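Trainee: I would like to go through this structure with you. May I begin with a single residue and then move outward?

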Amino acid sequence: MEFKVTEGVKMRVEKITINGNKAFPEKKIKKEMDTEESSFFASGKFSEDTLKNDAEKIRALYRNEGYMNAKIGSQVKQDEKEGKIFVELNVEEGGQFSVGDIIVVVKDPAIYTEEDLLKKIELKKHASYDQSVMEDDVRRIQKLYGDKGYISAFVHPDVIPDPDAKMVAVRYLVQENEVAYVEYVKVEGNTKTREKVIKRELTVRDNEKFDSDKIQRSLEKIYNLGFFEDVKVNIEPASAQNKRNLIFSVKERQTGQLSLGAGYSTLDGLVGNLGVTEHNLFGKGQRIG
C-alpha cells in the first residue's frame, strides 16, 4: 500500500469578525474564545471543534446576563493561496430576561421545608436571570440533602419564560428519594502507609448515615497528613438499595528527605552537615530525623 499525502498550505486564523453584538463589546466576546487571531504571541491555529466550544462559551456568557435565547452562528472562509482563515460569528442576542417568581417544591417537608431552601437560594427576584447562579443553587440544595444522608436527592430546575414581560419564573423541584447508609469504608492505593493511620483521620464510619460534609472533611484530613500526592473518594453499590460503600483511594508520595551542606569558617576550617528525615517511618505516620 502506498499513501500519497498532499499537505497543502499551513492555514492560520487571520481575522475574527463578530456581528450583531450590542450587550457586550467585541473585545469581551473574543476573550471568551480559545480561537485566536494569528499574531506574534498567538499561533492562530484553527480547529472546528474549538470553534464549536467557543460558540457554547459565548452563549453561556449571554445566558448568565439574562439573554437566555441567545444564538451564535459561525462562518469560516479560507484563502488557501495566502494560507489565511477568516472567522465570522453572528450573534442573535434576543431579549434580556429578569427573574420573576422563585418557587421551591418539596415532597417531604420534614427534611427541609420550602422556606428553609428558599433562604439558601442565591438567585434574586428582579435581577437579570443568571443561569450559572441557578445551577449553583441546584448544587447547593443537593449538598444540603447529601449532608443528611440523601445522596440520591435530585433537584430539577424548571425555568418558565414569559416573552412578553421579559421575565422568567424559576421552580426548584426536589425529589428527596431515600436516605443512604455507609455499609463499609475501605482504603486502597496505600503501598506504604498503614491503613489504620489513614482510617484514624476519617470522620465517617461504617453503618453511619451518609454525610457529604463528613466525607469532604475526611478527604482534607487525609491529604493534610502530607503522605499522599492525591486523594479521591469513590461511592460504590453495596448489599442493599439504600447502602453504599466508600472507597478512599490514595496515591503515595515521597516522604523522606536528604539534605547536604558545606561551608568554611576561620575558626573550624571546612565544615559540613548531613541531614536525613523520614516523615512516615515504617508507614506508621511517625517522624524521625
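Mentor: Please do, and keep in mind that this is a predicted model. Asp 54 is a suitable start; this residue is found in helix α2, which covers residues 48-63.

Trainee: Is Asp 54 buried or exposed, and which side chain of opposite charge is nearest?

Mentor: Asp 54 is buried, yet has no salt bridge. The nearest side chain of opposite charge is Lys 57, 4.8 Å away, whereas a salt bridge requires the nitrogen to be within 4 Å of a carboxyl oxygen.

Trainee: Which residues does Asp 54 touch, leaving aside those up to four places away in sequence?

Mentor: Asp 54 touches Glu 32, Met 33, Asp 34 and Thr 35.

Trainee: Let us change to the whole chain. How many helices and strands are there?

Mentor: The chain has six helices and twelve strands. Its radius of gyration is 29 Å, well over the 19 Å that the globule rule gives for 289 residues, so the chain is more spread out than a compact globule. The C-alpha trace spans about 75 × 65 × 60 Å along its principal axes.

Trainee: What share of the residues counts as buried?

Mentor: Of the 289 residues, 31% count as buried. The chain exposes about 18,200 Å², of which carbon and sulfur atoms supply 47%.

Trainee: And the charges: how far apart are the mean positions of the positive and negative ones?

Mentor: They are 4 Å apart, for 47 positive and 50 negative charges. A search of the whole structure finds 16 salt bridges.

Trainee: Where do Arg 140 and Asp 137 lie?

Mentor: Both lie in helix α4 (residues 131-146), three residues apart, about one turn of the helix. Their side chains meet in a salt bridge with an N to O distance of 2.6 Å. Asp 137 is buried, with a relative accessible area of 1%, while Arg 140 is partly exposed at 30%.

Trainee: Which side chain meets Asp 147 in a salt bridge?

Mentor: That of Lys 143, at 3.2 Å from N to O. Asp 147 is partly exposed at 22% relative accessibility, and Lys 143 is partly exposed at 42%.

Trainee: What about Glu 208 and Lys 214?

Mentor: Their side chains also meet in a salt bridge, at 3.7 Å from N to O. Glu 208 counts as partly exposed at 24% relative accessibility, and Lys 214 counts as partly exposed at 24%.

Trainee: Which residues are joined into one network by salt bridges that share partners?

Mentor: Lys 143, Asp 147, Asp 213 and Arg 217 are joined in that way.

Key. Residues are numbered from 1 along each chain as its sequence is written. This is a predicted model: local features need pLDDT of at least 70, side-chain atom pairs count only at pLDDT 80 or more; totals for chains, interfaces and linings use all residues. Side-chain values use heavy atoms; hydrogens and water are left out. Helices (H or I, at least four residues) and strands (E, at least two) are DSSP runs, numbered from the N terminus. Buried means under 20% relative accessible area, exposed over 50%, partly exposed in between (1.4 Å probe, protein chains only). Lys and Arg count as positive and Asp and Glu as negative; His and the chain ends are not counted. Contact means heavy atoms within 4.5 Å. The radius of gyration is taken over C-alpha atoms; the globule rule is 2.2 Å times the number of residues to the power 0.38. Accessible areas come from the Shrake-Rupley method with a 1.4 Å probe; for residues, only the protein chains shown count as cover. The place of a charge is taken as NZ of Lys, CZ of Arg, CG of Asp or CD of Glu.
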